[in-house]
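Student: I would like to learn how to read the features of a structure. Please take them one at a time, with the general idea before the case.

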Amino acid sequence: MTIQTNSMQQLNLLSTRGVDYQVQGKQLLKGIDMQVQAGEFVAIVGPNGAGKSTLLRILSGELNPSAGKVYWRKQFLNKMSKAELARERAVLSQQHQVSLPFNTDELVMMGRYPHFDQVPTVKDQEIVTAAFDKVDAQALRGRNFLQLSGGEQQRILLAQAFAQIWDRPNGLLLLDEPTNNLDLAHQQHLLQAAHELTQKGYAVVAILHDLNLAMHFADQVILLRQGSIWAQGTPEATLTASNIKMTFDVTVRLIQNVAARPLIVPDFAAAIPVFSDLDAGSSLQT
Amino acid sequence: MAKFNQSITLALNQILPTKLPLGSLVPIRFKFSSLHLLLLFLLAAGTIWSAGMGAMYIAPAQVGAILCSKLGLTLGVAYETQQEAVLWAIRLPRVCFAVLLGGTLGIAGASIQGLFRNPLADPGLIGISSGASLFAVIGIVIQSAFLQALGTWFGFYLLPIFAFVGAALTASLVFSLSRVQGQIVVSQMLLVGLAFNALAASIIGLMTFLATDAQLRSITFWNLGSLGGATWETVGLLTPFVLLSILGLARLSKPLNLLALGEGQAQHLGTDVKKLRRQVVLFATLAVGAGVALAGTIGFIGLVVPHLVRLLGGSDHRNVLLGSALGGAFALTVADTLARTVVAPAELPVGVITALLGAPLFLYLLIKSKKAYQ
């Protein structure tokens, strides 16, 4: 299956100009310029500590940049109220911190909280049901969230995020390593669902660890290295063997794929066994 | 008062099948569940039972008849005028006091736990009540020492206001001291509470040392916790604090639910976390402060009741907040009735009863959280 770059709308939803972020003298992000169009799937990739999560937190409005500007459509993102923003963009964070044994139904309904005052409308209820369908989780309805497995919890929180922007085409979905804890089928399912959103005009920005998922699903890839953008553009142009070598310090080969985009595989012949000492140590302990 | 009536109409709106047109005009809506109805029923039964218990027994039917006669209705149940006098002048103010204070302690506990995102955050355990009593004691001493005028300006409200300020300051301080990178560290929270309790105890001890006999008597009162001082005047004094606090907190169930997802996610879903924190601290300590000023420290209502409500009806704050108010009112009414009847004609401090019931539950919660780590 080939995924074509979606060019039906050229609506600039989110953009940054020269965004820097530093905390306690450490420069976490430097000079980030990026644009997210409506209908676009943007993958943020890069090695550990490259600033991916920090960038996502700035895009979500959770952090204010130390310098530079973030725009949501034509407005400054950090001038918008939390409530206003919550009706337009949803965030799936990397680690959930749910502290009380909530029922999954109520948890997904929380995605609708920005939209109703005190009592959910029939429409809100319908959206919750549809969101459960979207993440293939009807079987989890009415369960205690804290008793679910990591992958099941992830799907419930994703349903919450879907519910939040369900009736807002041209909304934005931010995903921080959404495939964490998910099995192979649900990883595919999730990214497929996110891709369908982009076809309806939503924008999706996701931090992805699996470069093949980024290659396959993204319209635009942003490759970060040490807080700066190393490369950005179409997946084929960005995820090249030399870029991956420069950022991840791993030698890979790209295998051309007739029906789809290329596959990235580590070149084991060229790989240096960096972690061999560490592995030996840990196997001794176990 | 009008607002209170409206919210009652609203509560009825949720029960009655036909919607009253008033409903859509009112900003406050309680989701009235079957658990709330059960608690309301228990509370009604508990208050009538409590009003009848004591040296002079008054049967529930007689209590009903006396109350109805005040409204100009005759029920045809015989009672003596002495019973009427006792009920009206002694029992009812005390029962009303217990209902108001218990309700507000329950909802304050539930919302503080929501704010701290932890079921162990009881205003007594984490030092908020200590802060309130510390300020109340300081209030008594400086009022009589330097500022007689303060008392004449604020009248009866002086102590509750002092205690409220103390409670609010402590709550904010405990919150910021136990929060590390947007997360409440439970051990930190409990230890900070321990430190505040110790600090307050020592300063109160010092004040006791410096106080005159008359001051001493009122100061000792804080360490016991008793509803013995309940009169219609103190009920009147407590009422505005309680109404403000309950109406203020009941609006916060949605943002408190979101806060349970973590501060980050609560913000992503549109919650202004700072504003929420200020509101919870303000409205919860308003009640805790007034309660401490008028009845001393009554622990564990704010810990036990919300816990049981969550156990029975789930963690949704629309359920927990109102349920804790009703349950707290019921629990304190029953505890106070026990306090004044089990060793009659003497009286136990009600704080002793609530601690006897609450401390084992606190231990149980700790054991449970220990298991969760294993």
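Student: Which residues make a nonpolar surface patch of about 320 Å²?

Tutor: Patches are made of residues with over 30% relative accessible area and no salt bridge, where like charges are joined within 9 Å and nonpolar side chains (Val, Leu, Ile, Met, Phe, Trp, Tyr) within 5 Å. Areas come from the Shrake-Rupley method with a 1.4 Å probe, and for residues only the protein chains shown count as cover. Here the patch is made by B:Trp49, B:Leu338, B:Val342 and B:Val343. This is a predicted model in which local features need pLDDT of at least 70 and side-chain atom pairs count only at pLDDT 80 or more, while totals for chains, interfaces and linings use all residues; side-chain values use heavy atoms, with hydrogens and water left out. Residues are numbered from 1 along each chain as its sequence is written, and chains are lettered from A and ligands numbered from 1 in the order in which they are written.

Student: Where is B:Val342 placed, and is B:Val342 buried or exposed?

Tutor: Helices (H or I, at least four residues) and strands (E, at least two) are DSSP runs, numbered from the N terminus. B:Val342 is in the loop between helix H15 (317–341) and helix H16 (350–373) of chain B. Buried means under 20% relative accessible area, exposed over 50%, and partly exposed in between (1.4 Å probe, protein chains only). B:Val342 has 52% relative accessibility, so B:Val342 counts as exposed.

Student: How much space lies in the largest pocket?

Tutor: On a 1 Å grid over the protein atoms alone, a pocket is an open set of points with protein on both sides within 12 Å along at least five of seven lines, a cavity is a set of points where a 1.4 Å probe fits but cannot get out, and lining residues have an atom within 4 Å of a point. Grid points are joined across faces, edges and corners, and a volume is the space filled by probe spheres set on the points. The largest pocket holds about 1400 Å³. It is lined by 44 residues, and the closest to its centre are A:Arg57, A:Glu62, A:Leu63, B:Gly264 and B:Gln267. H12(B) gives the most to this lining, with five residues.

Student: Which residue in the loop between H13 and helix H14 (301–313) of chain B has a positive phi?

Tutor: Most residues other than glycine have a negative phi. B:Phe300, not a glycine, has a positive phi of about 75°. B:Phe300 is buried, with a relative accessible area of 15%. A:Arg73 also is not a glycine and has a positive phi, of about 50°. A:Arg73 is found in the loop between strand S4 (67–72) and strand S5 (75–76) of chain A, and its relative accessible area of 31% makes A:Arg73 partly exposed.

Student: How many salt bridges are found over all chains?

Tutor: A salt bridge is a side-chain nitrogen of Lys or Arg within 4 Å of a carboxyl oxygen of Asp or Glu. The search finds 18 over all chains. In one of them, the closest N and O atoms of A:Lys123 and A:Asp167 are 2.9 Å apart. This pair links distant parts of the chain, 44 residues apart. B:Arg277 and B:Glu263 meet in another, at 4.0 Å from N to O, and both residues are buried.
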